[in-house]
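Me: I am new to reading protein models and would like a close look at one part of this one. Could you take me slowly through the disulfide and its surroundings?

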Amino acid sequence: MAAPAVRTLSRYLLRQHVAPLGFALAALTALMLVNTMAKQLSALLGKGLPTGVIVEVFVLSIPFIVAVTLPMAVLVAVLHVFTRLAADNEITAMQASGVSVTRLVAPVLGGAACVALLSFAWNDQVLPRSNHQLRILQVDIQRKKPSFTLKEQVINEVVAGQFFLRAARIDATANKLKDVTIYNLADPERRRVITADSGLMAYTPGGRDLYLTLQDGDIREVNRSDPTQFNRTFFITNRMRVAGVGNSLERTTSDAYKSDREMTICEMRQAAADARREAGNAALEGRRVIENDLRRLAGLAPRTLSPGMFATDTAPPGLYCRLLRRLAAWLPPPQASAAQTPLAQQPSSPRPQPPRPRPRPLQQPHPGQPPPRFTPLPPPPPPPTAGPIVQSTRPPVYITAGVGVGEEQRRVAARQREVMYEVEIQKKYAIAAACLIFALVGAPAALRFQRGGVGLVIGMSVAVFTVYYIGLIGGEELGDRLILSPFFAMWTPNVIFGVAGLVGLWRIRKPGNAPHGGDWSDVLEVALRVIGWPGSLLWPRWRRAS
């Protein structure tokens, strides 16, 4: 009879977490989406985009928001459920029935592990594709209306090589310009510089041409063939038409370029392996270049550099990538799977070997002798023997200044690319594991401070989120700068909070430290004790005053 009761308790605890988890995920996602909309909506509306395109921009932003808010929702749900169960004395009833604290937390940690696996699949498969589509769409939107990409106090290129515009102030919402200077280089024989006090911008219905209405200015024109001819014309209102600026949204159908946040783990591992191989080749080539330069200094013939010292590995790196490749091979037909194999993963053809030098044929054989086909190679020069020093007429050869610098720069750049991919890979693992870590932190805190209520849920959630994501961003920066290894850069926040959660769970399950309904005074006591000796001095005074 014990097993069914255990399963019933586990199902009950997990069922209690479903609704708070969904509500917290929806609320946090909606809050961050509203923040994103508030930052971008005005610029998108000002470009005259269709409603469907604007909705698509924010829909493609949701996967990134969900990847961030899912660990947050796990922590909020765990804190809310355990504080509510403790307030309803359900925790006390379970302990009176012989259920330990570890038994209460175990199903929650198991559910959090399942959510972590779901988060990992989301971050690896859904998020890179949505980021890729979002970047392509944002680039297409930026190309739509040049007036919204103009910068103040900068000469902006409106038409490549022909039309340049500078304005002291630009009102993108009203399409107004102030203190305008235009450089018109469309006519190869004449150069025009147009200045105006103010101006307005408008577009043709087709969106291909730009109309400028300039107020109170002049036109200065110089003939390039005869620089002595100079014309200056003053105007009150001048209307100009600039053709070919492009105001229609042209969608990009394919874009092969992907950044690290637009790649899956397998793609990043392959890119990291290519960068590692390139760094090894650059390092080896640098040593060979220095060696050949020293050989020239010694009067020896340089050695031939053989390209491609490190062979390309066609097998996908990692067990996870190999499993995905086998799973993908079962789904499409063999022809389609072979066609979908990236070029970097297809077996490369053997490199052509350089032709060997062939001996030269004789010019003309002597009469009466069999004609030999080839002349033998000349024998190698004899080794130098001791003798009098002879002054050479050939100028001395010195070592080249800066030899190997280019190869070293290639090696460093390849190493930085490799580390960037490794950091992003570890980041995907760390954010997914944060679901389990936050559940491990939240359960002991909620059981220790049972009367914290909503204040404990909000206060602890904000504190944990802030510390965790600041550590994650700082670790990513340190990892990209090659200061920390990618693993420690991304996993340090998880390790810190994981150790804190294990310590809290160990303390709460000890005899004499069972949940007893702590409130905010207990939270302050723990915080002052964590501070150290200043907290130990302040705590008795605050306790007597209260």
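Reply: What follows looks at the disulfide, then at two other cysteines and the confidence of the model.

This is a predicted model, and its chain averages a pLDDT of 79, with 74% of the residues scoring at least 70. The structure holds 1 disulfide, and in general a disulfide is a covalent bond between the sulfur atoms of two cysteines. Here the bond joins cysteine 266 to cysteine 321, with an S to S distance of 2.5 Å. The two partners are 55 residues apart, cysteine 266 lying in helix H5 (residues 265-297) and cysteine 321 in helix H6 (residues 319-330), so that the pair links distant parts of the chain. About the S-S bond the angle is -110 degrees, and the link is left-handed.

Are these two cysteines buried or exposed? Cysteine 266 has a relative accessible area of 16%, and because buried means under 20%, it counts as buried. Cysteine 321 is buried as well, at 3% relative accessibility.

Two other cysteines can be described in the same terms. Cysteine 114 is exposed, because its relative accessibility is 54% and the cut-off for exposed is over 50%, whereas cysteine 435 is buried, with a relative accessible area of 0%.

As for confidence elsewhere in the chain, helix H2 (residues 51-87) has the highest mean pLDDT among the elements, at 93, while helix H7 (residues 334-340) has the lowest, at 44. Over residues 384-398 pLDDT stays under 50, and the model has 3 contacts beyond four places in sequence for that stretch.

Methods. Residues numbered from 1 in each chain as written. Predicted model: local features only at pLDDT ≥ 70, side-chain atom pairs only at ≥ 80, totals over all residues. Heavy atoms only, no water. pLDDT = per-residue confidence, 0-100. Helix = DSSP H or I, 4+ residues; strand = E, 2+ residues; numbered from the N terminus. Contact = heavy atoms within 4.5 Å. Disulfide = S-S within 2.5 Å. Buried < 20%, exposed > 50% of the residue type's maximum accessible area, 1.4 Å probe, protein only.
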